[in-house]
Amino acid sequence: MLRFLKRLILILLILVVVAVGAGVGLFYLTPSKAIASRVADAVREQTGRELKISGDIKRALLPNLSVEVQGVELSNADWAGKEPMLQAKRASVKLRVAPLLWGAIEIEELIVEEPILRLTRAKDGRANWELGADKESETDKSGSDSRSNGKLPLIIDARLTGGRILFDDRAGGQKFDFADIALAAKYPKRDGALEASGDAKINGAPAKFTARVEKVAAALAGAPSKALLKLDTAGLKASIDLAASQGDKAKTVATLDLTLDGAAKETAWLRALLPPAYSELGAVDAKGKLDVSDAAFKADLAVNVSLKGRKMALKAVSEAGAGWKKGLESIDADLSLTVDGLAALSYDGKIALPDGEKKALGLNGAYSADISDAKALLAWAGAAAPADSPAAKISTVKLTGAVEISPKTTAASAKGAVGYDRRDVSIDIDAKSGARWMSGDPIKLSIKSASAKLFDLSWNGSITFADAAPAMALKHLEGDLSFASTAVRELTLWAGAGPIEAPKGKFETASMKMKLLVADEKVALSGLEAKIDDVVLNGEIDLDRPKTGRMKLNAKLKAGDFDLRPFTPASKTSKPAASTASGEKGWSDEEFQLGSLKLLDADIRIEAAGLTTNVVRFTDAVILATLQDGKLSLSVEKMALYGGAAKGKVVLDASPATPKLDVDLDLGGVALRPFLKDAAKMDWLAGTGALKADIATSGKSMRQMMKALAGTASIDLRDGAIIGYNLAALARNVTSLGTATSEDRKTDFASITASFTLKDGVADNKDLDFQGPLVRMSGEGVINIGGRTVDYLAKPKAVATLKGQGGATDLSGVTFPIRIKGPWENPSVSPELGSALTDVTSIPTSADKLGASLSDAFSKKGDGGLRDKVGGAIDALTGGDKKDGEQSKPAIPGLPGGLFGN
């Protein structure tokens with residue numbers, strides 16, 4: 001705005017400059033249009049705008065050289081509107097002729113009638129009063145203008161009448177009208193004073209302005225001078241009393257006294273001129289004094305402001321001796337800022353004021369910050385933190401510290417506490433660096449932070465920021481990091497990670513220490529030692545992050561015996577999902593989210609003494625994991641698993657649009673009952689077993705993958721039992737002479753072997769071979785894994801031998817086929833009578849062989865006759881010979897009554 005006023009005065013004087021520069025006689029004889037053209041060219045050069053003179057240009061030589069112009073218009077910015085930015089009904093200048101002979105200018109009279117100035121600020125902040133760049137006119141360079149010989153032109157009488165300023169603040173949506181503007185100025189004597197006064201109406205409210213500068217000529221020559229500026233209008237009173245001198249003994253003494261009722265409607269125009277942050281400015285009371293010279297610097301300022309409903313107080317007292325402009329630690333300053341009910345900030349120390357590019361701001365002192373409500377302070381300042389952000393959880397800040405900024409050193413410290421999410425967190429920070437800490441100089445940084453019981457955190461190292469764009473980009477970080485907590489579960493809740501279900505005494509303590517390195521293309525964790533409860537994890541981790549190409553994670557980790565069960569929620573028993581006729585409802589249709597596998601590559605080696613989860617437990621394991629271009633490969637080099645061993649490889653390829661999965665698994669010597677109980681909640685199969693599987697599939701969801709399973713698998717189970725199912729009930733009752741108990745509801749076996757061929761999610765088996773005492777079993781059928789259904793025919797056969805493993809496989813006996821069919825959740829189990837009848841002809845032969853094996857049993861003594869025992873066994877199997885009201889117990893669970901029902 002000051003720049004524009006300078007331009008405006010220049011426009012009014014251009015006519016005078018043109019007249020003097022061209023010569024009085026030539027100016028008088030030149031046609032009006034030529035003069036208007038020259039003046040317009042000069043204005044265009046100075047302002048970038050077009051000047052239009054629509055009326056006459058009147059000239060006179062005697063008794064004074066005079067110029068009168070009517071109908072003056074200065075064009076507006078192209079975005080601000082079609083109306084001119086400045087227009088005036090008449091402007092006239094009268095110059096005394098005699099002083100022009102020796103190059104002096106004395107204005108006898110300067111009059112501007114009914115000027116209208118239209119000021120506009122756009123929504124994007126542009127202002128139409130921002131004119132062209134500063135340029136000196138030719139008359140400036142020649143020294144023939146009003147500044148000739150360093151003298152201000154004498155002004156006998158200067159008047160502006162009927163003025164008006166229209167201010168359209170499109171950014172704030174307000175308009176203001178400064179009407180009836182009248183100004184008068186006089187500077188009649190070279191050794192006299194310059195006086196100016198004026199009045200106007202601001203949106204209808206009267207305003208007065210007065211200014212006086214003593215001994216203007218002496219002041220321009222460097223001698224001491226005084227000036228007084230006063231503004232008095234509704235809601236605003238301001239005065240500046242200034243005493244200044246230039247030269248070797250330059251000195252400035254300024255006194256400020258300002259009161260403002262910012263809430264008054266009469267001062268709305270002032271708020272519109274201020275930045276948006278001050279749009280809710282209320283009362284202002286500012287008083288201060290500044291005394292500045294080469295020998296001393298003194299400042300005492302007190303400002304009380306009401307802003308957005310809060311009272312804000314600023315106090316500044318500073319003082320310095322001789323040489324304060326050159327010294328670094330030169331001004332003693334005591335500064336304080338308070339925001340009513342929210343914050344109190346202070347600084348007490350030395351300040352070195354910046355001096356262009358030669359000298360930056362310098363500080364050396366102590367500070368304090370006491371914020372009682374950080375959330376409310378941010379909201380008041382117009383920087384409210386999002387409700388879900390960490391900043392929104394900060395409640396209080398109480399810090400003290402020191403700061404030093406000099407050409408050679410930058411140092412800062414902070415000590416105190418921050419209230420975060422209803423807890424106090426202690427902070428102790430020390431930082432020291434060179435002057436260029438923002439762009440290359442390493443910063444030695446020490447951080448200690450703690451919260452009672454929750455955690456202790458420390459860092460001791462260095463950090464370096466890049467010396468090129470982007471500014472403050474991290475270049476290098478290196479140091480020792482340590483962490484400890486004695487209340488881990490409480491810490492995770494406080495940190496927003498959610499609750500962890502764990503037994504009492506578990507997941508209580510944790511600690512970690514390591515060396516951390518972050519460089520341009522590398523992040524490395526060395527000497528890692530982490531501990532949760534009594535389990536220790538050691539290792540090395542580094543991340544290569546080249547400027548071009550993919551990042552790669554390399555890690556070697558060694559863990560103790562780790563029980564994950566306390567850290568994972570126990571699975572809750574739920575009802576089986578209702579299935580459709582095809583039984584397909586159980587598999588999920590939710591698409592896999594495997595995008596994270598494409599973010600980086602990895603090469604990881606893990607050695608674990610043991611791991612127990614809710615699903616499985618293994619010990620002495622070595623696992624290799626590689627991730628390359630979205631393809632994850634897990635290789636088990638060795639693993640002890642329930643008395644046996646496991647080896648295998650799992651490959652998940654997420655690089656194609658449809659993910660692929662390959663499984664190559666080899667389990668041997670595994671104790672079946674504890675393994676299946678942990679892994680599948682199955683408690684009906686005991687023994688040791690081996691499993692081999694070579695399976696491949698693909699799909700975007702679990703259902704798709706289950707339906708695309710293909711490959712082969714085989715099982716080899718030894719020396720076990722099927723718990724709860726008695727496939728040889730008849731033989732067992734005969735050999736035990738009818739003394740079977742509930743504990744005998746199982747089928748012992750010496751071996752079970754089977755192989756499977758998988759295609760389109762269906763496993764086909766044709767060679768089930770069950771070898772057990774007094775029983776053999778074969779079987780064939782399909783297990784539809786994708787559809788979650790089964791259709792399988794098992795053929796148990798009672799045989800005349802007690803041999804299991806190694807016994808003959810072609811023994812004749814009575815076969816009782818069983819059909820298992822239907823959805824997994826609720827299959828039907830029923831005798832297959834058609835298949836059973838085909839074996840009837842073999843019963844006599846089988847009986848002969850069976851009799852030889854049972855001869856010893858017939859000769860044994862026992863309670864009751866043998867026929868009674870055999871009859872009881874048959875009745876138990878078939879459901880006969882039960883007492884009234886008694887429910888028979890099936891020899892084979894799942895069959896109604898006996899084997900054939902009632």
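In which strand is the place of S633? In this predicted model, S633 sits in strand β32, which spans residues 631–641. The relative accessible area of S633 is 10%. S633 is therefore buried, as that value falls under 20%. Leaving out residues up to four places away in sequence, S633 touches two runs of the chain. One run is L624, A625 and T626. The other is K649, V650 and V651.

The strand β31 covers residues 617–628. D620 lies within β31. The phi of D620 is positive, near 45°, and D620 is not a glycine. Most residues other than glycine have a negative phi. D620 has a relative accessible area of 44% and is partly exposed. A second aspartate, D629, also has a positive phi, of about 55°. D629 belongs to the loop between β31 and β32. Is D629 buried or partly exposed? The relative accessible area of D629 is 42%, so D629 counts as partly exposed.

Two further serines were examined, S451 and S462. S451 is placed in strand β23, which runs over residues 443–451. At 5% relative accessibility, S451 is buried. A polar atom of the S451 side chain lies 3.1 Å from the backbone oxygen of D424. D424 is also among the residues in contact with S451, together with R423 and V425. That list leaves aside neighbours of S451 within four places in sequence.

S462 is found in strand β24, residues 455–465. Here the relative accessibility is 22%. S462 therefore counts as partly exposed, since buried means under 20%. Beyond its neighbours within four places in sequence, S462 is in contact with I443, K444 and L445, and with H476, L477 and E478. Of these, I443, K444 and L445 fall in the residue range of β23. How far apart are the C-alpha atoms of S462 and K432? They are separated by 9.4 Å. Along the chain, S462 and K432 are 30 residues apart.

Strand pairing was followed through β18, β19 and β20. Strand β18 covers residues 343–352, and strand β19 covers residues 362–371. The two run antiparallel and are joined by 10 bridges. One bridge pairs two glycines: the partner of G349 in β19 is G365. Strand β19 is also joined to strand β20, residues 394–405. Nine bridges link β19 and β20, again in an antiparallel arrangement. Across this pairing, D370 stands opposite K398 in β20. Strand β19 is thus bridged to both β18 and β20. In a regular strand the side chains alternate between the two faces of the sheet.

The surface was also searched for nonpolar patches. Which residues make a nonpolar surface patch of about 210 Å²? The patch is made by L229, I240 and L242. L229 is found in strand β11, which spans residues 225–233. The relative accessible area of L229 is 37%. L229 is therefore partly exposed, and a patch residue needs over 30%.

How values were computed: Residues numbered from 1 in each chain as written. Predicted model: local features only at pLDDT ≥ 70, side-chain atom pairs only at ≥ 80, totals over all residues. Heavy atoms only, no water. Helix = DSSP H or I, 4+ residues; strand = E, 2+ residues; numbered from the N terminus. Buried < 20%, exposed > 50% of the residue type's maximum accessible area, 1.4 Å probe, protein only. Patch = residues over 30% accessible without salt bridge, like charges linked within 9 Å, V, L, I, M, F, W, Y side chains within 5 Å. Areas by Shrake-Rupley, 256 points an atom, 1.4 Å probe, with all protein chains shown as cover. Salt bridge = Lys/Arg side-chain N within 4 Å of Asp/Glu carboxyl O. Pairing = 2+ DSSP bridges. Contact = heavy atoms within 4.5 Å. Polar contact = N/O pair within 3.5 Å; in protein donor to acceptor, adjacent residues only side chain to side chain.
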